[in-house]
Amino acid sequence: MTVLCFTSASLTLLQLESIYRGRMGVELDVSAKNIVDLAAKVVADAAQSDSPVYGVNTGFGKLANTRIDAKDTKQLQRNLILSHCCGVGEPLPDDVVRLIMVLKLNSLARGASGVRWVLIEHLQAMFNAGMYPVIPSQGSVGASGDLAPLAHLTAAMMGEGDVRVKGDVLPAKAAFIEAGLKPLVLAAKEGLGMINGTQVSTALALAGLFNAWNLVTTALVTGAMASDAMMASTAPFRSEIHALRGHPGQIAVGASLRALLAGSEIRESHREDDTRVQDPYCMRCQPQVMGACVDLLRHVAQVLEIEANAVTDNPLVVVEEESILSGGNFHAEPVAFAADQIALAIAETGSITERRIATMVDPSLNYGLPAFLSPAPGLNSGFMVAEVTAAALMAENKQKAMPCSVDSTPTSANQEDHVSMACHAARRLGPMNQNLATIIGIELLVSAQGIGFRAPLSTSAVLDRTIAELREKVPALNQDRYMATDIAAAANLVEEGAVSEHAASHLPKLMDYVAEE
């Protein structure tokens with residue numbers, strides 16, 4: 001595995017995805033140690049001072065006016081973490097936890113949180129040892145930071161709670177003994193520095209973005225296949241149309257569809273004497289709809305890359321002034337907006353994909369293909385209910401796409417009176433992406449079946465390779481059979497990126513620099 005030696009505030013989306021996918025380890029450059037040590041000294045001095053400094057020598061939230069003696073500093077931080085371990089629900093998966101840990105390392109290393117270098121080393125040692133804290137997925141409202149889930153992360157560092165090592169859940173204390181590590185004892189402000197922050201919401205949103213991008217680009221491949229199965233016109237994909245509107249995503253999607261269909265015998269066969277004037281919008285408007293999704297996700301990518309390199313706890317240390325400032329960087333509104341936007345792109349991709357599926361199985365719309373794409377309709381139902389499944393998942397995603405960021409509720413005795421709801425805004429992207437992968441998987445099955453009926457005419461070389469890979473897992477449907485296995489296999493190909501990988505050179509990139517690295 002490649003190990004990335006990174007400096008704080010320098011992580012790119014490409015690196016973050018590699019960390020998320022488990023393809024890259026990390027090592028924080030020691031150049032950050034100097035500023036971290038200086039900030040920790042500012043905090044240590046404040047803990048001994050008579051002047052009140054929030055979270056250093058005071059209580060928290062509504063209890064901020066309660067002064068804490070210097071001798072109780074360590075107990076204050078320990079109590080904070082244990083009392084905030086109130087998470088519920090299924091644990092977050094290891095790939096998300098891995099990303100959370102790196103995002104926290106990246107933030108702390110900027111030297112504005114006031115933690116000691118030993119804490120950063122401890123977190124990095126856990127990461128490198130594959131000791132992933134068990135973090136319940138529910139309990140954060142996205143301000144003041146992801147308090148409950150990050151408390152579970154911090155508790156594991158203290159030897160409390162559980163960790164997962166190679167898939168096995170162990171008590172953190174026992175895992176430390178096995179790994180030759182010691183639990184961490186928190187110093188002044190370190191508990192607050194660990195739990196104030198948007199790292200859980202941001203990691204979930206990044207995971208949602210990475211998977212959504214794969215699915216959106218995969219839907220361009222299956223959309224091109226559907227166009228060939230339907231013998232749809234490629235005139236709506238011409239560059240002149242998209243240049244006149246000017247949206248970069250629309251232009252890129254039009255170019256992708258033209259490239260994916262280049263050389264198709266099916267396409268060439270009906271350029272003349274086709275009695276149809278226009279195709280349904282689900283075929284004709286792919287550049288406009290999918291291009292808007294591409295532009296939206298690219299915008300989200302920029303927001304999340306900034307957030308991934310941000311300092312989002314409170315209060316913050318300004319080393320140059322030797323001061324500690326209270327603010328609100330923990331408020332995850334940018335992440336909540338980003339997650340809501342990803343949800344829109346997921347829902348709309350599923351919506352237009354499901355419409356193409358419905359068109360291909362409908363004998364009144366599919367231009368000469370058999371009903372429900374069965375060679376013997378009537379005795380066989382073909383893809384009739386596969387389309388219904390796609391419709392059900394599409395509807396579910398539409399409901400899940402309702403914005404979370406417009407919701408808020410006061411917490412902590414009205415001290416935290418406006419919150420972002422970023423964490424569950426981002427968490428719902430996982431199930432939405434799973435639904436979308438299945439919808440696209442069904443389109444993969446249906447469009448491949450439709451193209452098969454156009455033989456001896458063949459599709460383009462790149463789409464033919466996609467069908468060949470599918471046929472290694474799922475044979476063409478000659479008569480009715482148990483369909484759930486076929487759908488699962490196709491969805492798995494989609495989710496793993498196998499479909500988009502075949503066509504990668506024809507598909508848009510999430511960020512420009514990704515193409516260069």
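**Helices, Ring Pairs and Salt Bridges**

Student: In which helix does methionine 384 lie?
Tutor: This is a predicted model, in which local features need pLDDT of at least 70 and side-chain atom pairs count only at pLDDT 80 or more, while totals for chains, interfaces and linings use all residues. Residues are numbered from 1 along each chain as its sequence is written, and side-chain values use heavy atoms, with hydrogens and water left out. Helices are DSSP runs (H or I, at least four residues), as are strands (E, at least two), numbered from the N terminus. Methionine 384 belongs to the run of residues 384–400, helix α16.

Student: Does methionine 384 count as buried, partly exposed or exposed?
Tutor: Buried means under 20% relative accessible area, exposed means over 50%, and partly exposed is in between (1.4 Å probe, protein chains only). Methionine 384 has 33% relative accessibility, and therefore counts as partly exposed.

Student: How many aromatic pairs does a search of the whole structure find?
Tutor: Rings of Phe, Tyr and Trp (its six-membered ring) pair if their centres lie within 6.5 Å; planes under 30 degrees apart are stacked, over 60 edge-to-face, and the rest tilted. With this rule, the search of the whole structure gives a number of aromatic pairs equal to 3.

Student: Why is the pair of tyrosine 20 and phenylalanine 210 called tilted, and at what angle are the planes?
Tutor: The ring centres of tyrosine 20 and phenylalanine 210 are 6.0 Å apart. The pair is tilted because the planes are at 40°.

Student: How many residues apart in sequence are the parts that this pair ties together?
Tutor: Tyrosine 20 lies in helix α1 (residues 13–20), whereas phenylalanine 210 lies in helix α9 (residues 199–229). Tyrosine 20 counts as buried at 7% relative accessibility, and phenylalanine 210 counts as buried at 3%. The two helices hold one ring each, so the pair ties together parts whose separation in residues is 190.

Student: Is the pair of phenylalanine 127 and tyrosine 132 tilted or edge-to-face?
Tutor: Both phenylalanine 127 and tyrosine 132 are buried. Their ring centres are 6.5 Å apart and their planes stand at 65°, so the pair is edge-to-face.

Student: Which residue forms a salt bridge with arginine 271?
Tutor: A salt bridge is a side-chain nitrogen of Lys or Arg within 4 Å of a carboxyl oxygen of Asp or Glu. A search of the whole structure finds 14 salt bridges. Arginine 271 is partly exposed, with a relative accessible area of 45%. At 2.9 Å between the closest N and O atoms, its partner is glutamate 268.

Student: Is glutamate 354, which forms a salt bridge with arginine 355, buried or exposed?
Tutor: The closest N and O atoms of arginine 355 and glutamate 354 are 2.9 Å apart. Arginine 355 counts as partly exposed at 42% relative accessibility. Glutamate 354 has a relative accessible area of 1%, and is therefore buried.

Student: How far apart are the closest N and O atoms in the salt bridge of arginine 356 and glutamate 443?
Tutor: Both arginine 356 and glutamate 443 are buried. Arginine 356 has 0% relative accessibility. In the salt bridge of arginine 356 with glutamate 443, the distance between the closest N and O atoms is 2.6 Å.

Student: Which helix holds glutamate 443?
Tutor: Arginine 356 is placed in helix α15 (residues 333–361). The salt bridge ties together parts that are 87 residues apart in sequence, because glutamate 443 lies in residues 429–452, helix α18.
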